[in-house]
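Me: I should like to learn how to read a structural model feature by feature. Could we proceed from a helix to the cores and then to the cysteines?
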Amino acid sequence: MTDTPIRIYVDADACPVKDEIYRVALRHGVPVSVVAGNFIRVPQDPLIERIAAGSGMDAADDWIAERARPGDVVVTSDIPLASRCVKAGAEVIAPNGKLFTEETIGMTLAVRNLMTDLRSAGEVTGGPRSFSPRDRSAFLSALDQTLRRIHRRRADQAATSQNLSQG
């Protein structure tokens, strides 16, 4: 894990925090893959890569899930994609700052499936609450803390490897 660079994958089609991701990623020197079904505008910066995954039903999700690995960060509000990426070992953050982990993704996926079933049966369940400045702030904090945690973990692993090879 320590020899591959950290990368942020953004499920970009409906992501309200792309500008915040760019700002934090550039501060940390971390490359970003902005993945959308089709063309999406991104800043001109060598660390920011635009990916048009195609217009298939889950093309962008599949592209991200096939590449997400331990030490990567995935930003998505798509629960099934979050589940796939957590299982692959990636750190997954929703745009509101919620962290998806192995401990929480099962229940989150179950609730999502239940709500889908209720809506398909005609129940009015309402939609998600609107995105707020508090959500944006929580996201910024979660992304920054996650990147710091990955950097720290890699530094600790490198030090342990170095100590083992010297001892």
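Reply: Certainly. Please bear in mind that this is a predicted model. One may begin just after α1, where Gly 29 takes a positive phi of about 70 degrees.

Me: Which residues of helix α1 are buried?

Reply: Helix α1 spans residues 18-28, and its buried residues are Lys 18, Glu 20, Ile 21, Tyr 22, Val 24 and Ala 25.

Me: Against which elements do the buried residues of α1 pack?

Reply: They pack against four strands, β1 (8-11), β2 (32-36), β3 (48-52) and β4 (73-75), and against helix α5 (133-166).

Me: How should I read the largest nonpolar core, and which residues have the most contacts inside it?

Reply: In soluble globular proteins, nonpolar side chains tend to be buried together. Here the largest such core has 25 residues, and the most contacts inside it belong to Ile 8, Ile 21, Val 34, Val 73, Val 75, Leu 143 and Leu 147. At least two residues come from each of β1, α1, β2, β4 and α5. Helix α5 gives the largest share, five residues.

Me: What does Val 73 contact, leaving aside neighbours within four places in sequence?

Reply: Val 73 is in contact with Arg 7, Ile 8, Tyr 9, Glu 91, Ile 93, Leu 143, Thr 146, Leu 147 and Ile 150. There is also a second, separate core of 19 residues, which includes Cys 85, Val 86, Ala 94 and Ile 105.

Me: Is Leu 109 buried, exposed or partly exposed, and what does it touch?

Reply: Leu 109 lies in helix α4 (residues 105-120). Its relative accessible area is 22%, so it is classed as partly exposed, the cut-off for a buried residue being under 20%. Not counting residues up to four places away in sequence, Leu 109 touches Ile 79, Pro 80 and Ser 83. Its C-alpha atom is separated by 33 Å from that of Ala 155, 46 residues apart along the chain.

Me: How many disulfides are there, and why does Cys 15 form none with Cys 85?

Reply: A disulfide is a covalent bond between the sulfur atoms of two cysteines. In this model the count is zero. The closest cysteine sulfur to that of Cys 15 is in Cys 85, and no bond is assigned because the separation of 14 Å is too far; the cut-off is 2.5 Å.

Me: Are these two cysteines buried or exposed?

Reply: Cys 15 counts as buried, at 7% relative accessibility. Cys 85 is likewise buried, with a relative accessible area of 0%.

Conventions. Residues numbered from 1 in each chain as written. Predicted model: local features only at pLDDT ≥ 70, side-chain atom pairs only at ≥ 80, totals over all residues. Heavy atoms only, no water. Buried < 20%, exposed > 50% of the residue type's maximum accessible area, 1.4 Å probe, protein only. Contact = heavy atoms within 4.5 Å. Core = buried A, V, L, I, M, F, W, Y, C linked by side-chain atoms within 4.5 Å.
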